[in-house]
Amino acid sequence: MISIVGVFAIVIVVMAILLVFMGVKSVPQGREWTVERFGRYTQTLRPGLNLLIPFIDRVGAKVNMMEQVLDVPTQEVITKDNAMVSVDGVVFYQVLDAAKSAYEVNNLEIAILNLTMTNIRTVMGSMDLDELLSQRDKINHQLLKVVDEATSPWGIKVTRIEIKDIAPPKELVDSMARQMKAEREKRANILEAEGFRQAAILKAEGEKQSAILQAEGQREAAFRAAEAREREAEAEAKATSFVSDAIARGNVQAINYFLGVKYVEALQALSTAPNQKVILMPLEAANVIGAIGGIAELAKSAMDQQQTRTSSVLSRPQS
């Protein structure tokens with residue numbers, strides 16, 4: 001039989017092990033434990049080895065101090081313009097005070113979710129659908145500000161709130177697609193009309209420049225033609241003057257020269273006429289030949305006179 005001393009020794013060993021187990025606590029990294037003495041909070045145990053008074057102190061709440069993520073379930077939100085959309089999101093938070101998170105609120109995660117969902121309906125319900133779809137960053141910022149202020153007494157810090165998905169009803173999505181298509185067609189028509197307008201302007205500018213250049217060319221041609229007619233008239237006047245002088249000096253062959261030139265011009269004009277006709281002219285070939293002969297006599301007379309002048313100049317005595 002085991003002696004009373006042995007039994008007592010076993011009891012003492014068991015009590016010592018129990019005291020060590022109850023009085024020595026090892027808190028893992030990233031967590032904090034609250035300590036309660038007779039049901040009242042007294043202190044918070046930090047990560048590492050900690051000592052408690054057995055049978056008097058006990059561990060109350062084991063709080064996770066790392067940043068955590070909560071999924072916000074999908075809910076229906078009615079916008080300012082009475083459009084119903086389905087919205088979900090995520091909340092990132094971190095406990096800063098373990099005691100407040102354990103004793104200031106019951107079931108911390110459910111409280112954060114309910115608070116976030118309520119404020120999502122409040123913030124997004126004050127916006128139009130177009131604003132809701134285009135200003136997601138603004139929504140996230142407003143939600144973060146409101147929820148963080150509301151949860152601050154609980155000893156936590158809400159670091160980020162993100163709206164994951166905004167899903168309008170199918171009928172509204174189809175209507176938005178038709179609106180977008182109509183808007184794109186409108187822009188395409190505007191761009192096409194603008195292209196036609198620019199093309200018409202460029203074409204008009206080209207026609208204008210062409211007309212200006214054509215007018216410039218016609219003016220230059222008219223100027224050149226007038227100059228040619230003027231020179232021709234001057235030549236004709238000089239020729240007439242020469243013929244008149246020859247007649248005044250008694251040279252009858254000058255008249256034949258004048259008539260011969262006119263005969264030749266008339267025959268040239270008749271030969272270049274575009275109509276194909278037989279023309280009967282009451283002319284005598286002898287007249288034309290006589291006129292041409294007169295031209296020859298006139299030329300011979302002019303050459304004789306020139307030779308006479310040259311001889312008289314050469315026969316003058318030199319000083």
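In which strand is Asp57 found? Asp57 is found in strand β5, which covers residues 57-64, strands being DSSP runs of E with at least two residues and helices runs of H or I with at least four, both numbered from the N terminus.

The model is predicted, so that local features need pLDDT of at least 70 and side-chain atom pairs count only at pLDDT 80 or more, while totals for chains, interfaces and linings use all residues. Residues are numbered from 1 along each chain as its sequence is written, and side-chain values use heavy atoms, with hydrogens and water left out.

**View 1. Asp57 and its surroundings in strand β5.** Asp57 has a relative accessible area of 7% and is therefore buried (under 20%, against over 50% for exposed and in between for partly exposed, with a 1.4 Å probe and protein chains only). Its side chain makes a polar contact of 2.5 Å with the side chain of Arg37 (a pair of N or O atoms within 3.5 Å, where one must be able to donate a hydrogen and the other to accept it, and where residues adjacent in sequence count only if both atoms are side-chain atoms). Leaving aside neighbours within four places in sequence, Asp57 is in contact (heavy atoms within 4.5 Å) with Val35, Glu36, Arg37 and Leu52.

**View 2. Asn64 in strand β5.** Asn64 is also buried, with a relative accessible area of 17%, and its side chain reaches the backbone nitrogen of Met66 at 3.0 Å. When residues up to four places away in sequence are not counted, Asn64 touches Gly30, Arg31 and Val95.
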